[in-house]
Amino acid sequence: MDFAPTEEQTAARDLASRIFTDLSTPDRLAAAGTGSDPELWKELCAAGLVAAVGDTGLLGLVLLLEEQGRTTAQVPFAASCVHGLLAVTAHGSTEQRDRLLPAVADGTVVVTGALFGPSAVRETTGRLTGVVPVVPWLRDATHVLVADDRRRLWLVRTADARCSPVELTAPWSAGRLTLDGTPGERLGGEGAYDDVLATARTAFAGLQAGVCAGSLARAVEHTNAREQFGRPLAARQGVQLRAADAHMDTEAIRVTAYEAAWRRDAGLAYATHALTAAWWASEAGHRVVHTGQHLHGGAGADVEHPVHRHFLWGRQLDAYMGCGGEVLQELGELIAAEGEQAARVVGAAEGEG
């Protein structure tokens with residue numbers, strides 16, 4: 001395994017870092033409220049960063065999402081890249097790729113996804129009926145990737161559905177999706193759902209790594225500047241231990257996301273690795289953003305303080321990917337199933353021998 005970024009991935013990450021740092025400022029975030037920042041989204045697309053994901057792969061996307069997470073930039077970057085660019089590239093027909101990918105790359109088509117959790121959507125002759133209570137970035141999307149109750153993927157135009165605003169813990173421009181005989185466009189075949197879901201888990205784990213890194217960086221800056229009894233808070237052992245634990249948790253989220261992304265890009269099985277990354281993002285992410293807020297002391301209780309945004313994003317990502325216990329149960333069941341399958345293969349081979 002080699003997680004060292006290529007020159008292309010490094011250049012894209014550095015460009016993303018500059019754009020997010022320059023444009024995703026606390027003042028702009030406050031002005032955006034619970035919606036997204038359309039000017040920032042235009043800048044990212046104009047810089048070619050969405051299109052670059054097609055060349056840099058899932059690992060490249062994880063690197064870019066870390067930069068978004070550091071600033072909690074309110075744009076549908078993860079959603080459109082995962083459910084649009086990567087999903088269509090991997091599972092779309094030639095006609096779908098030719099029609100959709102250029103528009104996704106330049107930002108005129110924004111895709112979000114309704115994949116996590118059991119689906120109540122049913123399909124009859126290409127028309128979908130059902131309700132998805134919460135879809136992140138739905139208010140920004142032109143299309144939404146929907147999974148039906150048979151784990152098949154459908155692209156739905158939001159103009160053909162009923163979308164109503166929903167407010168989440170984090171300001172993700174979310175909405176409630178209501179389908180009532182809404183036409184859908186099939187995307188991919190058998191295995192497409194599992195692949196896109198694993199891709200989404202990996203990408204959002206990368207986003208969580210950035211959120212945690214940003215929260216910890218703010219905490220370090222605060223505890224070095226804030227003095228108590230004539231000494232910086234950072235000089236105290238208790239503060240150092242909390243920060244060190246948060247750093248190790250953040251690194252665990254990062255490296256498991258990198259491994260899952262690298263395996264997908266290399267064409268290797270990565271379903272268990274994606275679940276491992278999601279578990280770390282949920283369990284460790286929860287701890288890190290609480291630590292970041294706690295180390296700010298009284299300032300951390302201020303809902304207008306920048307660190308509070310990291311707290312909200314970290315908790316929302318935890319909820320979005322499924323709590324740690326749910327993810328761990330799914331991981332255990334998948335490992336057990338793979339073990340049983342391997343045992344059957346060995347048994348069959350021994351029988352033939």
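Here are some short exercises on the structure above, each with a worked solution.

This is a predicted model, in which local features need pLDDT of at least 70 and side-chain atom pairs count only at pLDDT 80 or more, while totals for chains, interfaces and linings use all residues. Residues are numbered from 1 along each chain as its sequence is written, and side-chain values use heavy atoms, with hydrogens and water left out.

**Exercise 1. A salt bridge inside one helix**

Find how Lys42 and Glu39 are placed in their helix, and say how exposed each one is.

*Step 1.* Start with the term: a salt bridge is a side-chain nitrogen of Lys or Arg within 4 Å of a carboxyl oxygen of Asp or Glu. The side chains of Lys42 and Glu39 form one, at 3.8 Å from N to O.

*Step 2.* Now look at the helix. Helices (H or I, at least four residues) and strands (E, at least two) are DSSP runs, numbered from the N terminus. Lys42 and Glu39 are about one helical turn from each other, because they sit 3 residues apart in helix α3 (residues 38-46).

*Step 3.* For exposure, buried means under 20% relative accessible area, exposed over 50%, and partly exposed in between (1.4 Å probe, protein chains only). Lys42 has 52% and is exposed, while Glu39 has 46% and is partly exposed.

**Exercise 2. Salt bridges between distant parts**

Work out which elements are linked by the pair Arg99 and Glu185, and then by the pair Arg201 and Glu330.

*Step 1.* Arg99 and Glu185 meet through their side chains in a salt bridge of 2.4 Å, N to O. This pair links distant parts of the chain, with Arg99 in helix α6 (residues 94-105) and Glu185 in strand β8 (residues 185-187), 86 residues apart. Arg99 is partly exposed at 37%, and Glu185 is partly exposed at 23%.

*Step 2.* A salt bridge of 2.8 Å, N to O, joins the side chains of Arg201 and Glu330. Here too distant parts of the chain are linked: Arg201 lies in helix α7 (residues 192-225) and Glu330 in helix α11 (residues 324-352), 129 residues apart. Arg201 is buried, with 8% relative accessibility, whereas Glu330 is partly exposed at 32%.

*Step 3.* Step back to the whole structure, which holds 19 salt bridges. Through shared partners, salt bridges join Glu66, Glu67, Arg70, Glu251 and Arg254 into one network.

**Exercise 3. How two helices pack**

Describe how α5 and α6 cross, and name the residues that meet.

*Step 1.* Two packed helices are described by the angle between their axes and the distance between the axes. Axes are lines fitted to C-alpha atoms, for helices over the stretch in contact, and angles run from 0 to 180 degrees between N-to-C directions. The axes of helix α5 (residues 77-91) and α6 come within 10 Å and cross at roughly 155 degrees.

*Step 2.* Angles under 35 degrees count as roughly parallel, over 145 as roughly antiparallel, 65 to 115 as roughly perpendicular and the rest as oblique. So α5 and α6 are roughly antiparallel to each other.

*Step 3.* A crossing is left-handed if the near helix is turned anticlockwise from the far one by less than a right angle, and right-handed if clockwise. The crossing of α5 and α6 is left-handed.

*Step 4.* Contact means heavy atoms within 4.5 Å. Ser80, Gly84, Leu85, Val88, Thr89 and His91 of α5 meet Gln96, Arg97, Leu100, Leu101 and Val104 of α6.

**Exercise 4. Two buried residues**

Locate Thr158 and Asp195, and list what each one touches.

*Step 1.* Thr158 sits in the loop between β5 (153-157) and β6 (162-165). With a relative accessible area of 13%, Thr158 is buried.

*Step 2.* Not counting residues up to four places away in sequence, Thr158 touches Leu138, Ala141, Thr142, His143, Val144 and Cys163. Thr158 and Thr178 are 20 residues apart along the chain, and their C-alpha atoms are separated by 9.7 Å.

*Step 3.* Asp195 belongs to helix α7 and is buried, with a relative accessible area of 18%. Leaving aside neighbours within four places in sequence, Asp195 is in contact with Ala90, His91, Arg264 and Tyr270.
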